[in-house]
Amino acid sequence: MSLRFKILLMLFATLSIYGLMDYTVHRLFVLPTFLNQERTRIEEHIDHTMQILSFELLGLDRLCRDWASWDDSYTFMQKHGQDKDYIKSNLVPATFEYNSLDLICFLDNDNHIVWKGTSDKYIGSNQEDFLQPFSPLLKVSDNNSGFIMTDKGPIILASRPISDSDEAAPYIGFLVMGRLLVDSPIMALNRHLHGSVEFIQPKTNDLISDKNLEFLTLREDPVILPLGNTLHTFKMVRDINHLPAFIVHMQTDRTNVVHGLETISYDAFSNVFSGFITIGIFVLFLRRNVIKPISKLTRHVNSINTAEDLLTVPLKTPSDDEIGVLWQGFNQMVHRLQRDRLRRLAAEEALRSNEKRIHAILDTAPDGIITVDQNGTIESLNLAAAKMFGYDSEELVGKSISKLAQDEHSGRLLQTIKKYPETSHYKCFDSGCEMAGRKIEGEFIPVHMRASSVQIGSDTLFVWIVRDISELKAMHDEIAHSKRLAAIGEMGASIAHEIRNPLAGIGGAAQMLLKSVKDNPRQVAILNEIIILVFRIENTVNQMLDYARAWTPNQALITPMQLLKEVATEAETMENFKQISFKFSGDDSIAIPLDEDLIRQVLWNLFKNSAEAMPDGGELSCHVQATQNELIVSIQDHGMGMDDETIKKLFTPFFTTKIYGTGLGLPICQRIIEAHKGSIAIHSALGEGTTISLRFPFNAQPRQIEDVQ
């Protein structure tokens, strides 16, 4: 981004902020002030209007009270309205006109009309529910006055009980007076408010929506609606029954307010426009005196950047101001940098050459080499170390060396480094130590680590030589295991030879005795038990001899699927296979060279184990699958399954989970499969069943039965 664009962007941002602030001030402070003043004035007008209506109501109430406590009125009611002189003197049209009355009504205590008179404006009105007995006007109280909406318009009503001037005589009836709000009060309001006031029915129209009508009905607050240059105000007035009587509709001219709002908007626009003009003048001045010289300096810097030899840069200064001084100082600095650069390039070239030589030596080392600082942070490592733990070299630089150790070793490893030289006598700094390393995928491998320290200035750097001893430990374990199995085999063969002949003698003797004690059931049972136990011992001896023998398969081309089905057919005739169902899947045409008798023995042993794992019956699945280099025969049951600890011991001679088992069945199966240069694997989980996989290698593509025939 160029300097010119940055300056323009900065000025535009400044002007935008100024305009936004100016608009915000006018919008949040000035405009609301105008609107608040307008609302305050309208609220004062509506309050004044309600005061005038209250004043009218109060005046009518006083007039009604004067008449009701007049002795002549009391006498008039005593004569049941038959006093013609009273009527001629007081109840004439002039009385209605002089007092601005539109209704005068005398009622007795039974709420029967004794005399009623109306003005010309009120003649013909039929809405006089307020004269019914249930009306609040016809009850004795301190304030019997209010508003009623009639078909002639809203009317003010006042009611007083009729008594004598001392108000000591008993009430003899009620006097009701009414005044329509259609003339003088409205004219007075219009003159005072410089607008218009009218009284309308409490129902929706073009200005009052259902929502506004509901608001007026439920609340005492007015509704103010600005429409153009006119402000419409609505206020609900309730009748003597506290129900909506009529709505006071006030229209007020708001031309001055609208003009004021427009003036404020013009003012804000003029401020922003003036700001643009001011900034434009400022930009012209800035361009001539700042931007142009800086642009020249920028081009000069670019020419230096692209020059092949900085010594050829011209030293001419375009001006004598601060930018010119900066120009000259920059040129001198460039020449000094050129001399320093040549020296640095020579030193860097020598350093790179040495680093390449060192890295080449380290990367060709077979063992991992890791350098670590005093905090245990890895600074560098060779390719062998990164490959050993499955990382790229860059991934481990800057990480803690504890990331490469098992959790139980990582803390001790860091303490050994951080507390050096107190820990210099540790085995890791002498002959080396063995611990579990952690690869990137979380797998643990045994490693041998040996450390040495080197002092670089005030810092101590540790160099760790790491060697993966997985293969060495596996080879050691395999040799130890082979020796142990060989010893067990030799011992089993020796024991078998020593006890085989005595067993035959014991069995023969028991059978001879059995013939001579047929009449003694207890002795027959004991001899039968001896014969069974001798048979079991002889079976164990035979299995020990089988395990110790050297298996040499007599291989011939067979079909594994066909052999599986034959063994399954034989098994289905046995009692413990009655509830077992067999399921076969895979390729049934593949043939490979195997010893049929030995493989049959293996399959029979595996079927028997699977059936015993499903005492309640179930399905036994057999699957044959061929890959490019091997044939896989899988046998899966849905029995109780085994845990990992049991699986590890399954091929150990004499280990068994059965009550009468010898622990030699699976080891013999393993010896037979290994004699075919194959392998056997067991996958199981508690409650999920067991899968046994037999893998046989191929030297070529699998052959089909048709090819053999």
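The exercises below concern cysteines, salt bridges and a surface patch in a predicted model.

**Exercise 1.** How many disulfides does the structure hold, and are Cys-105 and Cys-669 buried or exposed?

Solution.
- A disulfide requires two cysteine sulfur atoms within 2.5 Å.
- The structure holds zero disulfides.
- Buried means under 20% relative accessible area.
- Cys-105, at 0%, is therefore buried, and Cys-669, at 2%, is buried too.

**Exercise 2.** Trace the salt bridges of Arg-600 and name the network that includes Arg-600.

Solution.
- Glu-566 pairs with Arg-600, with the closest N and O atoms 3.1 Å apart.
- This pair links distant parts of the chain, since Glu-566 lies in helix H14 and Arg-600 in helix H15, 34 residues apart.
- Arg-600 also forms a salt bridge with Glu-596, at 3.0 Å between the closest N and O atoms.
- Arg-600 and Glu-596 are four residues apart in helix H15, so about one helical turn separates them.
- Glu-566 is partly exposed at 30% relative accessibility, and Glu-596 is partly exposed at 34%.
- Through shared partners, salt bridges join Glu-566, Glu-570, Glu-596 and Arg-600 into one network.

**Exercise 3.** Which strands does the salt bridge between Arg-695 and Glu-630 link?

Solution.
- The closest N and O atoms of Arg-695 and Glu-630 are 2.6 Å apart.
- Arg-695 is in strand E21 and Glu-630 in strand E19, 65 residues apart.
- Arg-695 is partly exposed at 31% relative accessibility, as is Glu-630 at 23%.

**Exercise 4.** Which helix gives the largest share of the nonpolar patch?

Solution.
- The patch consists of Phe-5, Leu-9, Phe-12 and Phe-276, with about 420 Å² of accessible area together.
- Helix H1 (residues 3–68) gives the largest share, three residues.
- Leu-9 is found in helix H1 and is partly exposed, at 42% relative accessible area.

Note on methods:
Residues are numbered from 1 along each chain as its sequence is written. This is a predicted model: local features need pLDDT of at least 70, side-chain atom pairs count only at pLDDT 80 or more; totals for chains, interfaces and linings use all residues. Side-chain values use heavy atoms; hydrogens and water are left out. Buried means under 20% relative accessible area, exposed over 50%, partly exposed in between (1.4 Å probe, protein chains only). Patches are made of residues with over 30% relative accessible area and no salt bridge: like charges are joined within 9 Å, nonpolar side chains (Val, Leu, Ile, Met, Phe, Trp, Tyr) within 5 Å. Accessible areas come from the Shrake-Rupley method with a 1.4 Å probe; for residues, only the protein chains shown count as cover. A salt bridge is a side-chain nitrogen of Lys or Arg within 4 Å of a carboxyl oxygen of Asp or Glu. Helices (H or I, at least four residues) and strands (E, at least two) are DSSP runs, numbered from the N terminus.
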